Amino acid sequence: MVKGCSFIEKAGNPEEVFVPEEFTEEQLMIKDMVIDFCLKEIQEPMLKRGRELYATNEEDRAEVARLLEKSAELGLCGVAISEKHGGIDLDFNTGLIFAEAGAQGFSFATTIGCQTSIGSLPIVYYGTEEQKAKYLPGVASAALKASYCLTEPNAGSDANSGKTRAVLNEAGTHYILNGQKMWITNGGFADLFIVFAKIDDDKKLSAFIVEKAFGGITLGAEEKKMGIKGSSTVQVFFNDCPVPVENMLAGREEGFKIALNILNSGRIKLAAGTTGGCKFAIDKAVTYAKERKQFDTSIAEFGAIKNKIAQMIVHTFAADSAIYQVGRNIDLKTAEFKQAGEADGEAKLNALREFAVECAILKVKGSENADFVLDETLQVHGGMGYSMETGIEMGYRDARITRIYEGTNEINRMLSVAELTKRHLKSKEINLTQAGKKIPGILFKNMLPFTSTDEAAIIENIKASFLLISGAAGKKLGKKLVDEQEIVMNLADILAEGFLAEAAYLRVQKLKNKSMVEADQIKIMEKAVQVYLYDALDKVRKAGNEIIDAYTEGFNKKTMRYLFGKLTQRYNINAKELRRDIADYAYAKGGYPF
Ligand SMILES: Cc1cc2nc3c(=O)[nH]c(=O)nc-3n(C[C@H](O)[C@H](O)[C@H](O)COP(=O)(O)OP(=O)(O)OC[C@H]3O[C@@H](n4cnc5c(N)ncnc54)[C@H](O)[C@@H]3O)c2cc1C
């Protein structure tokens, strides 16, 4: 039995977590196939062309649509679709390696991500048998190019406030759709639109499968964007577009639920994609650092560069560890739900919902890692990083969108804390009070300043810090806590640090206990965990102290400061030396080393 958010209640068991080193030959073949596709069909032509694709240019947009068809020939557009409907129905974790590998296709990752995720999963998960049979084979073969229309000019983060309306015609055969959608990925060539609209004066959205062929659809010009320039993004206008009643997905007013649930999947896939992008960038940074000489020295030898390379690796490693642990748990939970009698789509959805907190945390971490890693990769390249010649500036621009779509990082931070609180207060699935009762014992047990063998204690303390501060803030502010967004943001960061630090630690423990990789690699991974914890403690200290300063006074403040100070005490390691060792190891391996 696996349970979402359980990391906050208890310590994880290394024997129970999945590590990427356990991927099978078949899973790794899929990864290689995607990378091979990206190299031959995207990277090599881009080098020849001397520039990236621009969806604003008609020929390039047609090329992107053709790439989608070519990828479909290899089965890549049907990864989440059952064999019965023309797909290859990968398990969720394999779908994540697919997303990771897809990062090597640059902006095409967004195009194919939309086709295989938000643009088609609503049908996979919520469609009737007739809807699936009618549309999914076309999505798998890319004969139908798919898009997802939720956002409107005045309804972004507040997606349920959209004004697009669906009104049943007199004959009761069609909903007539009117409205305007914005920022629609794949919109420029889409044949299929998953459209969210309100029926009459409903409070909540409903969802519809809309074919371009229905008529009444016009497109705005391609958006001129900062990055992912090859990805088509347009406004879509619905003017009396007739949608057959049988094309509604699930029930009336179920659309908002569909939109949110589909985003759980999109969020963790985005994290996998950004992690793939980080690994790719680190490879480039290492190669360039080793080649480039200044002051008669390879710049790789400079401490400042080693520090950057190591930091990029450490944070990528933690995200990589957590993503596949959650992916595996989603697969296990799906199997559990199916055994309990749920249908395939329902089981997959419920499993994703179970891990909504983890998916939100990973979206934030993955996208912020991507910005950090691409920025530092550019810096390692100096002026050449700023030049279009190396492609690094493209990666830097492309990475930036990931903090905005699939729910902005502010929304995802709030969501992670709100969802955890809901599980504690409403469904009682998680008992934070009970977990908080362990704090005195933890304080007593983990008294000494941390040393290099205290990783488990530090992780326990970070989680206890979250429980201590969220518990006290919750008591003081009650329901008003959600309005104190600065506090919520800080709580989300503490929660995320506990989760990622443990994921990285458990991965290394499992590899060590089972001697799954060579001893020298384990040693470097252990160092990566230590450096991660060193950074995590800093972030937790800052976030926690800000909260304490904001809402405690007098004796209460002193007590909280004292207890929190004990939980986040100094970690006596030489982070500088550890980072140097990690960078040297990456140099020896020629890139991201794990
Ligand atoms: C390239 C690109 C592709 C996209 N693809 C699609 C697509 O295929 N389909 C689709 O439907 N949408 C798509 N989007 C839309 C995307 O999901 C939205 O841009 C995103 O949800 C944010 O909405 P917004 O841009 O309206 O920003 P806003 O919601 O206006 O947010 C602006 C700022 O305010 C913050 N904010 C908003 N509400 C709150 C709050 N309650 N508390 C605190 N801070 C808040 C945000 O975090 C952000 O920093 C795409 C966007 C882009 C740029």
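**Figure 1. Burial across the chain.** Of the 594 residues in this chain, 53% count as buried. Please keep in mind that this is a predicted model. Contacts reach far along the sequence here: among those with a separation of 6 or more, 79% join residues 24 or more positions apart.

**Figure 2. The whole fold, with its 20 helices and 10 strands.** Welcome to the overall view, where the helices number 20 and the strands 10. The radius of gyration is 24 Å and the globule rule gives 25 Å for 594 residues, so the chain is as compact as a globular protein of that length. Along the principal axes, the C-alpha atoms fill a box of roughly 75 × 60 × 45 Å.

**Figure 3. Three assigned domains.** The domain assignment places domain 1 at residues 14-141 and domain 2 at 146-252. Domain 3 is given as two segments, 431-573 and 582-594. Taken over C-alpha atoms, the centres of domain 2 and domain 3 are 43 Å apart.

**Figure 4. Helix α3 packed against helix α7.** Here you can see α3 (residues 92-102) against α7 (residues 255-291), with the axes 6 Å apart and an angle of about 45 degrees between them. An angle of that kind makes α3 oblique to α7. The crossing of α3 past α7 is right-handed. From α3, the contact is made by Leu 96, Ala 99, Glu 100, Ala 101 and Gly 102. On the α7 side, look for Ile 268, Lys 269, Ala 272, Gly 273, Thr 275 and Gly 276.

Key:
Residues are numbered from 1 along each chain as its sequence is written. This is a predicted model: local features need pLDDT of at least 70, side-chain atom pairs count only at pLDDT 80 or more; totals for chains, interfaces and linings use all residues. Helices (H or I, at least four residues) and strands (E, at least two) are DSSP runs, numbered from the N terminus. The radius of gyration is taken over C-alpha atoms; the globule rule is 2.2 Å times the number of residues to the power 0.38. A residue is buried if 20 or more other C-beta atoms lie within 10 Å of its own, exposed if 12 or fewer, and partly exposed in between; C-beta atoms are placed from the backbone. Two residues are in contact if their C-beta atoms, placed from the backbone, lie within 7 Å. Domain bounds come from an automatic or database domain assignment. Axes are lines fitted to C-alpha atoms, for helices over the stretch in contact, and angles run from 0 to 180 degrees between N-to-C directions. Angles under 35 degrees count as roughly parallel, over 145 as roughly antiparallel, 65 to 115 as roughly perpendicular and the rest as oblique. A crossing is left-handed if the near helix is turned anticlockwise from the far one by less than a right angle, and right-handed if clockwise.
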